[in-house]
Amino acid sequence: IQQMANSKFEYVRKFETEDRCLPNCWIIVRVDGKAFHKFSDLHKFVKPNDDRSLNLMTKAAETILQEFDDIVLAYGQSDEYSFVFKKNTKTYNRRQSKLMTNISSLFAASYVFYWADFFPDTKLQYPPSFDARVVLYPSDQNLRDYLSWRQVDCHINNQYNTCFWNLVQVSALSPAEAHGRLKGTLASDKNELLFSEFNINYNNLPELYKKGTVVIKEQEVTSVQREIPKTDGSGTEEKTFTKKRPKLVALNVDIIRDTFWKDHPYILE
Ligand code: ATP
Ligand code: ATP
Ligand code: MG
Ligand code: MG
Ligand code: MG
Ligand code: MG
């Protein structure tokens, strides 16, 4: 029987636009916290790097990787995380709006859900939100260059912020004075400033701050012994079965050079 579904109102559905991602491209979804400059001030984040928020961001990212089988890698720093779907994913029929909105809402929900585990002494003041965008990359090199771009951004911001906050917190400069002091300085000038004025060797700062976090799925192989009946019906024999299942691993390592990709070749497969 033709149901009521074919009502005279049904035509409005045709106004929806097609937003399927181009086939055979890496799909990246990047989420970024809305106004986290304000959010981090209000919740008294340690400056320049609050470990609690960085670890909570990674926890939220792990929730996403558990939910979406076709995400092969995530990279995060500051208030952002990028998720990489394998080239041939069929998730949500590759519909951009579905991918983007499901990831950003699950990310925000997880950030709130796990908040108290990471900030036991800080009450959440309002519901944070995360924007999202989708970017498609047709070649493996484009994908690697995208991830390199984000990791270089992490390093550049960390270097600037480490100088800025030392000038403010240790040298008691005003924010405007600290900005003025750093204007036009090169990377080498900033390392020199950290060393000569604050006795900080940039290279010795935690990898978490300098490199951000990459989360991957490693194949965990476990073997189990089981007694099974023999084929000739004469009792049982012990056999070894191997089980493979993805295990999330969070690393604070260089993802620009080849080493990472050579060590984990299955990511680009
Ligand atoms: P927008 O809504 O445009 O993204 P925003 O204020 O979030 O605005 P971003 O460029 O995303 O701007 O920068 C995020 C800011 O959040 C950083 O500059 C920093 O001040 C703060 N922040 C994020 N994570 C941390 C952290 N773990 N520790 C300290 N500060 C952080
Ligand atoms: P999808 O992810 O595709 O949206 P879905 O399970 O959310 O899957 P919907 O078509 O959105 O499917 O339907 C939502 C379902 O959630 C309803 O069919 C109903 O079973 C349940 N539901 C939602 N709100 C209520 C509510 N207020 N009371 C009882 N059931 C509800
Ligand atoms: Mg921004
Ligand atoms: Mg932001
Ligand atoms: Mg940001
Ligand atoms: Mg629904």
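**A magnesium site and two helix pairs**

Modeller: In this predicted model, the magnesium ion (ligand 4) is coordinated by Asp 32 (OD), Gly 33 (O) and Asp 79 (OD), at 2.0 to 2.2 Å.

Biologist: What geometry does the site of the magnesium ion (ligand 4) have?

Modeller: The ion has 6 donor atoms. The angles among them run from 82 to 178°. Six donors count as octahedral if opposite ones are over 155 degrees apart and all others between 65 and 115. The site of the magnesium ion (ligand 4) is octahedral.

Biologist: How are the donor residues of the magnesium ion (ligand 4) spaced in sequence?

Modeller: The protein donors are Asp 32, Gly 33 and Asp 79. Their spacing reads D-G-x45-D.

Biologist: How many residues apart in sequence are the parts that Gly 33 and Asp 79 tie together?

Modeller: Gly 33 lies in strand β1 (residues 26–33). Asp 79 sits in the loop between β2 (71–77) and β3 (80–85). The pair therefore ties together parts that are 46 residues apart in sequence.

Biologist: Are Gly 33 and Asp 79 buried or exposed?

Modeller: Buried means under 20% relative accessible area. Gly 33 and Asp 79 are both buried.

Biologist: How far apart are the magnesium ion (ligand 4) and the magnesium ion (ligand 3)?

Modeller: Ligand 4 is the ion held by Asp 32, Gly 33 and Asp 79. Its distance to the magnesium ion (ligand 3) is 4.5 Å.

Biologist: Is α2 parallel or oblique to α3?

Modeller: α2 and helix α3 (residues 96–113) pack with their axes 9 Å apart. The angle is about 135°. Angles over 145 degrees count as roughly antiparallel, and 65 to 115 as roughly perpendicular. The α2 and α3 angle therefore makes the pair oblique.

Biologist: Which residues of α3 make the contact with α2?

Modeller: From α2 come Ser 53, Leu 56, Met 57, Ala 60, Ala 61, Thr 63, Ile 64 and Glu 67. α2 passes α3 in a right-handed crossing. On the α3 side, the contact is made by Ile 103, Leu 106, Phe 107, Ser 110 and Tyr 111.

Biologist: What is the relative accessible area of Ser 53?

Modeller: Ser 53 is found in helix α2 (residues 51–67). Leaving out residues up to four places away in sequence, Ser 53 touches Phe 45, Tyr 111 and Phe 119. Ser 53 is buried, and its relative accessible area is 5%.

Biologist: Is the crossing of α5 and α6 left-handed or right-handed?

Modeller: Helix α5 (residues 140–169) and helix α6 (residues 175–182) pack at an angle of about 135°. Among the contacts, Tyr 160 and Phe 164 are on the α5 side, and His 179 and Leu 182 on the α6 side. The crossing is right-handed.

Definitions and conventions:
Residues numbered from 1 in each chain as written. Chains lettered and ligands numbered in written order. Predicted model: local features only at pLDDT ≥ 70, side-chain atom pairs only at ≥ 80, totals over all residues. Heavy atoms only, no water. Donors = N, O, S within 2.8 Å, 3.2 Å for Na, K, Ca; no water. Tetrahedral: all angles 85-135°; square planar, octahedral: opposite > 155°, others 65-115°. Helix = DSSP H or I, 4+ residues; strand = E, 2+ residues; numbered from the N terminus. Buried < 20%, exposed > 50% of the residue type's maximum accessible area, 1.4 Å probe, protein only. Axes fitted to C-alpha atoms, helices over the stretch in contact; angles between N-to-C directions. Left-handed = near helix turned anticlockwise from the far one by under 90°. Contact = heavy atoms within 4.5 Å. Parallel < 35°, antiparallel > 145°, perpendicular 65-115°, else oblique.
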